[in-house]
Amino acid sequence: MFKKYISILLVILSILLIIAFTLQPGSASAALAMHFVNVIAKVNNKLNHTTADWYSFYILVRKFAHSVEYLVMGVASSFFFLVWGKKHPYLLAVVFCAVVSICDQLSKIVVPGREFDITDIPFDVMGYLIGILFVYVASHEWHKFKQR
């Protein structure tokens, strides 16, 4: 029963994580990404003694942030459906994550400085599929380990 409560908590926390990032105004979201880019640029400048145009990297950071938050969602949702003994837990996790992703994009319409961006969805998909695959592999390895 403990695993079931943990699985619910993980799904709720992953949804709250996505909501928190989605409800940030565009300027706050951009500033967070830019902070990360600046840290990487400083490290690069110290190591290589060079400067570069970091705008392309900034765009990648913004896109891959979607992958990271949806990786968390993929892990949490597949663990949830697995623990609750649902048939086809990984398929259910994919559908659940896809619905959350679409709702996430649609909700940006009402947030100042944010917009529905269809190019974010492939990064969401990449993230949650990697998370689901991680749980799938970990689960199978765990069962093999227990059978020894």
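These legends go with close-up views of two pockets in a predicted model.

**View 1. The largest pocket and the residues at its heart.** Start with the biggest space on show: the largest pocket has a volume of about 620 Å³. Its lining counts 26 residues, and Ser29, Arg62, Ala65, His66 and Arg114 sit closest to the centre.

**View 2. Helices around the largest pocket.** Three elements each put two or more residues into this lining: α1 (2–22), α2 (26–48) and α3 (55–83). Of these, α3 chips in the most, with ten residues. Sort the lining of the largest pocket by class and you get eleven nonpolar, nine charged and six polar residues.

**View 3. The second largest pocket.** Here the volume comes to about 320 Å³. What elements give two or more residues to its lining? They are α3 and α5 (121–147). This time α5 is the top contributor, giving seven residues to the lining of the second largest pocket.

**View 4. Side chains lining the second largest pocket.** Look for the aromatic names Phe79, Phe134 and Trp142, which are among the lining residues. Val75, Leu82, Val83, Val135 and Ala138 belong to the lining too, and by class the nonpolar residues number eight. Lys3 and Lys146 also line this pocket, where the charged class has two members. Ser139 and His143 are in the lining as well, and the polar class likewise has two.

**View 5. α3 in both pockets.** Follow α3 (55–83) from one view to the next: this helix gives ten residues to the lining of the largest pocket, and it also gives two or more to the lining of the second largest.

Technical notes: Residues numbered from 1 in each chain as written. Predicted model: local features only at pLDDT ≥ 70, side-chain atom pairs only at ≥ 80, totals over all residues. Heavy atoms only, no water. 1 Å grid on protein atoms, 1.4 Å probe; cavity = no way out; pocket = protein on both sides within 12 Å on 5 of 7 lines; lining within 4 Å. Points joined across faces, edges and corners; volume = space filled by probe spheres on them. Helix = DSSP H or I, 4+ residues; strand = E, 2+ residues; numbered from the N terminus. Nonpolar A, V, L, I, M, F, W, Y, C, P; charged D, E, K, R; others polar.
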